[in-house]
Structures are given as structure tokens and as C-alpha cells.
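Okay, thanks for coming, everyone. I'll put the structure up on the screen and then walk you through a few spots in it.

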Amino acid sequence: MTDYEILVSTEMDIIAVREKVRDVAKGLGFSIMDLTRIATAVSELVRNAFQYAGGGTVTIKTIQNLHRKGLEVIVDDHGPGIPELDLALKGGHSTSGGMGLGLAGAKKLMDDFFIDTKQNVGTTIVIRKWL
Amino acid sequence: MATESIIPILKLDNFLISSPQIAIHDRIAVQYKDALLQKIAETKSKGLILDISAIDVVDSFLVRVISDVASAANVMGCHTVLTGMSPAVAITLAEMDLQLKGVFTALDIGKSMKILQREEMRLRD
């Protein structure tokens, strides 16, 4: 079980992190379609963290349940939190444009999606994809 | 003097073609957009072919970059054709319900040229 914890603080980190996640996922045996889904979802979430919170921490974990292995990525930031979460998850409205699209998109691409957000405290998003 | 672009923009007949080989992150994106639009203006190109075959992840940010370029190019009378999208990227975009507005798409550069030539003919009539 490999764990990685990566600090995101610059825009370059967004690309580096998604490449790292892609590597780990590839090692687990995910298909090229799933690799792209995972990398894209991570890209969306990490970009949000960078854009709205100035950065955050990304944790990459190999996980296992009774039946199969999977990949878990946690994106955690200490930013302003996400206002009107329901709206953002539905695909957002034009003012939250980028954030809404990214969040809803990431949710659609992954198998599991959990989000905990508190105004002025931060946001933690957990996403998972199973083999 | 045109904005310098790390990503080459080449002239092909009356059109421009650009094929990013690196990930387009935020700082590069602004320079790239500017360079593309300046080149369109300089060459008075009627068409731009964006070949993304070397790009393995297209997220909403990149979709926005492409849409912005296409919109601005459109205002300048230039069509944009996106080509080289991998099946994985195409599926991901569809699943995220991300739409590329104002952009033609083609399977390869040859077909991209045909689309642009067709649009050019249309304007002549």
C-alpha cells in the first residue's frame, strides 16, 4: 500500500500531481480510459484548491476492500470553503463557472466522491476509483 | 513584435497549425492564447488547426483556453479546428458534459484542412 502526500502551492504542481496520480493508477492496472478520468478529476480538484485556496495537500492512497483494489485521492485545503455547494455540484452557475464545472465533472468521473467544506475553514474532497 | 510562444505556431497554406507538446499550465496559457491571436492577425489566417494529440489530459481549464481562442479567432474571421483528441479524452469530456463551443473537430490534420477549405469556399459564394 503506497501513500503519497504532496503539497500543492504553484500551478506547476497541478500538472506534477496529476502525473503522479496517473503513475500510481497505472501501476495498479487501471485502463487508459480510467487513467484519463482519474487524472482529469484530480486536475480539476487540485486546480480549484490552488485557485481558491492558494494551494493544499494531495494524498494518494492505494486502497482495498473485500473484493478489489482501488485508488483514493484526497484534496485538502484551508481556503474559503465552497459556497452554495449544491449548486456547485450540479454543474455550477456562471458566476462560479470554473469551480462548478470542475467539481461536478470530477464527481461524474470517479466512483466515489465525498466533500466536506466549511466557510473560512477549508475543503476536503475524497475521490475513489475501483478496479 | 509578436508575443514569443514556447509552443510553435506554423503557417500551412492560408492556415495556421499548432501542436502543443507540453502541458499548458496557467502562465503558458495566457502567452499561448496571445501568440495564437497575434499570429492570426499578422497572417490574416482564415483557419487555425489545434492539434492536441500530445495532450493526455484535457480538463475544464484547457477547454476554457481552447474556447477562448476559438471565440476570439472567430471575431477575427478565423475558424478553429480541434484535432488529435484521444478517445480517452473525448470520453472524459463527454462524461463531464464539457462542451467545446465554436470549435470544429476533426479526426486528423488532413480532415481539418478540408473543413477549413470548405469554410473558405463557403465565404466566397
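Let's begin with K44(B), which counts as exposed, at 65% relative accessibility. You'll find K44(B) in the loop between α1 and β3 (47–51) of chain B. What's odd about its backbone? K44(B) is not a glycine, and yet it has a positive phi of about 55°. Before I go further, please keep in mind that this is a predicted model.

Chain A has a residue of that kind to show you too. E84(A) has a positive phi of about 50°, although it is not a glycine. E84(A) sits in the loop between β3 (69–77) and α3 (85–89) of chain A, and it is exposed, with a relative accessible area of 54%.

Now, on to where the chains meet. How many residues does each chain bring to the contact? Chain B puts in 19 residues and chain A puts in 21 residues. Between them, the two chains bury about 1,900 Å², and 55% of that is on carbon and sulfur atoms. On the chain B side, the residues that lose the most area to chain A are V57(B), E95(B) and M96(B), which together make up 28% of what that side buries.

So what about charges here? In general, side chains of opposite charge can pair when their charged atoms come close. Across the interface of chain B and chain A, the rule finds six salt bridges. Take D56(B) and R22(A), for instance: their side chains meet in a salt bridge, 3.5 Å from N to O. There's also a network of salt bridges linking R18(A), R47(A), D26(B) and D59(B). And if you go looking for polar contacts across the interface, seven residue pairs turn up, with both residues at pLDDT 80 or more.

Which helices does chain B use for this? α1 (26–43), α2 (60–75) and α3 (87–96) of chain B each supply at least two residues of the side that touches chain A. The largest share of that side comes from α3(B), with seven residues. Sorted by character, the residues on the chain B side that touches chain A are ten nonpolar, three polar and six charged.

Let's stay with α3(B) for a moment. Which of its residues are buried? They're A88(B), V89(B), T92(B), L93(B) and M96(B). Looking down the axis of α3(B), the buried residues fall within an arc of 130°, so they line one face of the helix. Over on the other side of α3(B), P87(B) and A94(B) are exposed. M96(B), by the way, came up a minute ago, as one of the residues in chain B that lose the most area to chain A. And just after α3(B) comes D97(B), with a positive phi of about 65°.

Back to salt bridges, this time over the whole model. The count by this rule is 16 over all chains. Here's one in chain A: K129(A) pairs with D111(A), with the closest N and O atoms 3.3 Å apart. K129(A) lies in strand β5 (residues 122–130) of chain A and D111(A) in the loop between α4 (97–109) and β4 (112–118), so the pair ties together parts that are 18 residues apart in sequence. Are these two residues buried or exposed? K129(A) counts as buried at 6% relative accessibility, whereas D111(A) is partly exposed at 40%.

Chain B has its own examples. D68(B) forms a salt bridge with K33(B), and the closest N and O atoms are 3.0 Å apart. That one links distant parts of the chain, with D68(B) in helix α2 and K33(B) in helix α1, 35 residues apart. D68(B) counts as partly exposed, at 30% relative accessibility. Then there's R118(B) with E119(B), whose side chains meet in a salt bridge at 3.1 Å, N to O. R118(B) is partly exposed at 40% relative accessibility, while E119(B) counts as buried at 7%.

Last stop: T123(A), in strand β5 of chain A. T123(A) is buried, with a relative accessible area of 4%. Which side chain does it make a polar contact with? That would be the side chain of T117(A), at 2.9 Å. Leaving out residues up to four places away in sequence, T123(A) touches a set of residues that includes V75(A), G81(A), I82(A) and I115(A).

That's my tour, thanks for listening.

Conventions
Residues numbered from 1 in each chain as written. Chains lettered and ligands numbered in written order. Predicted model: local features only at pLDDT ≥ 70, side-chain atom pairs only at ≥ 80, totals over all residues. Heavy atoms only, no water. Contact = heavy atoms within 4.5 Å. Buried area = accessible area lost by both parts, 1.4 Å probe. Salt bridge = Lys/Arg side-chain N within 4 Å of Asp/Glu carboxyl O. Polar contact = N/O pair within 3.5 Å; in protein donor to acceptor, adjacent residues only side chain to side chain. Helix = DSSP H or I, 4+ residues; strand = E, 2+ residues; numbered from the N terminus. Nonpolar A, V, L, I, M, F, W, Y, C, P; charged D, E, K, R; others polar. Buried < 20%, exposed > 50% of the residue type's maximum accessible area, 1.4 Å probe, protein only. Arc of directions from axis to C-beta.
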